[in-house]
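Reader: I have the model open beside its sequence and would like to talk it through with you. Could you take my questions one at a time?

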Amino acid sequence: MAYWILKSEPSVYPFERLEQERRTVWDGVRNPQALGYIRQMQPGDTALIYHSNEGKEIVGTATIITAAYPDPAEDDDKIVVVEIEVGTRLPHPVGLATIKATKALADIGLVRQSRLSVMPATPTQWQTLLRLAGTKA
DNA sequence: GCCAACGTTGGC
DNA sequence: GCCAACGTTGGC
């Protein structure tokens with residue numbers, strides 16, 4: 001059981017759309033490091049959805065519901081995807097400024113490697129983020 | 001719009 | 001296999 005952070009530009013795929021569709025194929029990832037993380041995902045893992053560029057905040061949760069598999073739309077079978085199911089919208093979105101101002105999150109990937117679109121979170125980071133978001137998980 | 005931090009490409 | 005040049009992402 002692992003924790004992940006998935007970034008999405010709201011103009012491309014906002015959390016609101018995941019709420020409408022309930023589940024989706026998380027595709028479009030091409031960065032080798034990010035693809036490596038996707039390959040590590042297991043059904044039952046959970047993810048936080050971060051809105052990049054616009055909003056710059058973590059807005060909701062999702063559950064990984066499939067293992068990674070090659071994207072049928074891609075020739076290159078190194079391009080893998082997973083399917084995710086919507087979780088809950090956070091009572092209080094956690095903005096990047098808040099994350100940067102929180103000592104327990106100083107090493108989080110969002111800050112340290114801002115361009116990476118898929119990254120792991122530690123249990124400590126996860127708990128800290130959910131507390132900031134006003135959830136009791 | 002700018003720039004930092006990566007990634008990618010292609011000549012050698 | 002290096003590395004310079006170029007492209008992309010994303011925060012500011």
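Reader: How do the residues of the surface near DNA strand C divide into nonpolar, polar and charged?

Author: Near DNA strand C, the surface residues divide into 2 nonpolar, 3 polar and 5 charged. Here Ala, Val, Leu, Ile, Met, Phe, Trp, Tyr, Cys and Pro count as nonpolar, Asp, Glu, Lys and Arg as charged, and the others, Gly among them, as polar. A residue is near a strand if one of its heavy atoms lies within 4 Å of it. This is a predicted model in which local features need pLDDT of at least 70 and side-chain atom pairs count only at pLDDT 80 or more, while totals for chains, interfaces and linings use all residues. Residues are numbered from 1 along each chain as its sequence is written, chains are lettered from A and ligands numbered from 1 in the order in which they are written, and side-chain values use heavy atoms, with hydrogens and water left out.

Reader: Which residues surround DNA strand C?

Author: DNA strand C is surrounded by Lys7, Glu9, Tyr50, Ser52, Asn53, Lys56, Leu96, Lys100, Ser114 and Arg115. Of the atoms of DNA strand C that come within 4 Å of the protein, sugar and phosphate account for 77%.

Reader: What lies 2.4 Å from a base oxygen of DNA strand C?

Author: That is a polar side-chain atom of arginine 115, a polar contact being a pair of N or O atoms within 3.5 Å; within protein, one must be able to donate a hydrogen and the other to accept it, and residues adjacent in sequence count only if both atoms are side-chain atoms. On the phosphate side, an N or O atom in the side chain of tyrosine 50 is 2.9 Å from a phosphate oxygen of DNA strand C, and for the side chain of lysine 7 the distance to a phosphate oxygen of that strand is 3.4 Å.

Reader: And which residues surround DNA strand B?

Author: Asn31, Pro32, Gln33, Gln113 and Arg115 surround DNA strand B. A polar side-chain atom of arginine 115 lies 2.8 Å from a base oxygen of DNA strand B, and a phosphate oxygen of DNA strand B is 3.5 Å from an N or O atom in the side chain of glutamine 33.

Reader: Back to lysine 56: where is it found?

Author: Lysine 56 is found in the loop between strand E3 (46-51) and strand E4 (57-64), strands being DSSP runs of E, at least two residues, and helices runs of H or I, at least four, numbered from the N terminus. Lysine 56 has a positive phi of about 50 degrees although it is not a glycine. Most residues other than glycine have a negative phi.
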